[in-house]
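Please open the model in your viewer and keep the sequence panel beside it, since each stop on this tour asks you to select a few residues and look at what surrounds them.

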Amino acid sequence: MEAREAAMSVHGKMVDLQHRKSKASLQKFDEQPERLKGGKLRDYQLEGLNFLVNSWRNDTNVVLADEMDLGKTVQSISMLGFL
């Protein structure tokens, strides 16, 4: 299948159908994903990971911001591990 056939225009924006399909099949994490090892995410870090995943699903750009030392780096690395 050619790239043009795999993409379509939605409201003037090109959407890759394969990419959309993989995003739509994702679910919210109620627990830390098994592939994230070497520590345990706290509840608010897991909430941040879900926020990042949902933003990725919706093709929304986001910035993580919180009080100091609440784990923005861990949440970002967890998101990279998720991808």
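Begin by selecting Ser-55, which, leaving out residues up to four places away in sequence, touches Thr-60 and Val-62. Bear in mind throughout that this is a predicted model. Ser-55 lies in helix α3, and its relative accessible area of 7% falls under the 20% limit, so the residue counts as buried.

Stay on the same helix and select Glu-47, which also has its place in α3. Is Glu-47 buried or exposed? Its relative accessibility is 58%, and Glu-47 therefore counts as exposed. If you add Lys-28 to the selection and draw a C-alpha to C-alpha distance, the two residues are 9.4 Å apart in space, although 19 residues separate them in sequence.

Next, select Leu-49 and display what surrounds it. Neighbours within four places in sequence set aside, Leu-49 is in contact with Phe-29, Pro-33, Leu-36, Leu-41, Gln-75, Ser-78 and Met-79.

Now widen the selection to the largest nonpolar core, which has 9 residues in all: Phe-29, Leu-36, Leu-41, Leu-46, Leu-49, Leu-52, Val-53, Met-79 and Phe-82. Two or more residues of this core come from each of α3 and α4, and α3 gives the most, with 4 residues. In soluble globular proteins, nonpolar side chains tend to be buried together.

Move on to helix α4, residues 72–82, and colour its buried residues, which are Gln-75, Ser-78, Met-79 and Phe-82. They lie on the same side of α4, because the arc they cover around the axis is only 100°. An α-helix has 3.6 residues a turn, so residues three or four places apart point the same way. Which helix do the buried residues of α4 pack against? Their partner is α3, residues 43–57. Turn to the other side of α4 and you will find Thr-73, Ile-77 and Leu-80, which are exposed.

For the last stop, select Lys-72 together with Asp-66, which form a salt bridge whose closest N and O atoms are 2.9 Å apart. Side chains of opposite charge can pair when their charged atoms come close. The count for the model comes to 1 salt bridge. Both partners can be inspected for exposure: Lys-72 is partly exposed, with a relative accessible area of 28%, and Asp-66, at 34% relative accessibility, likewise counts as partly exposed.

How values were computed:
Residues are numbered from 1 along each chain as its sequence is written. This is a predicted model: local features need pLDDT of at least 70, side-chain atom pairs count only at pLDDT 80 or more; totals for chains, interfaces and linings use all residues. Side-chain values use heavy atoms; hydrogens and water are left out. Buried means under 20% relative accessible area, exposed over 50%, partly exposed in between (1.4 Å probe, protein chains only). The arc is that of the directions from the helix axis to the C-beta atoms. Contact means heavy atoms within 4.5 Å. A salt bridge is a side-chain nitrogen of Lys or Arg within 4 Å of a carboxyl oxygen of Asp or Glu. A nonpolar core is a set of buried Ala, Val, Leu, Ile, Met, Phe, Trp, Tyr and Cys residues joined through side-chain atoms within 4.5 Å.
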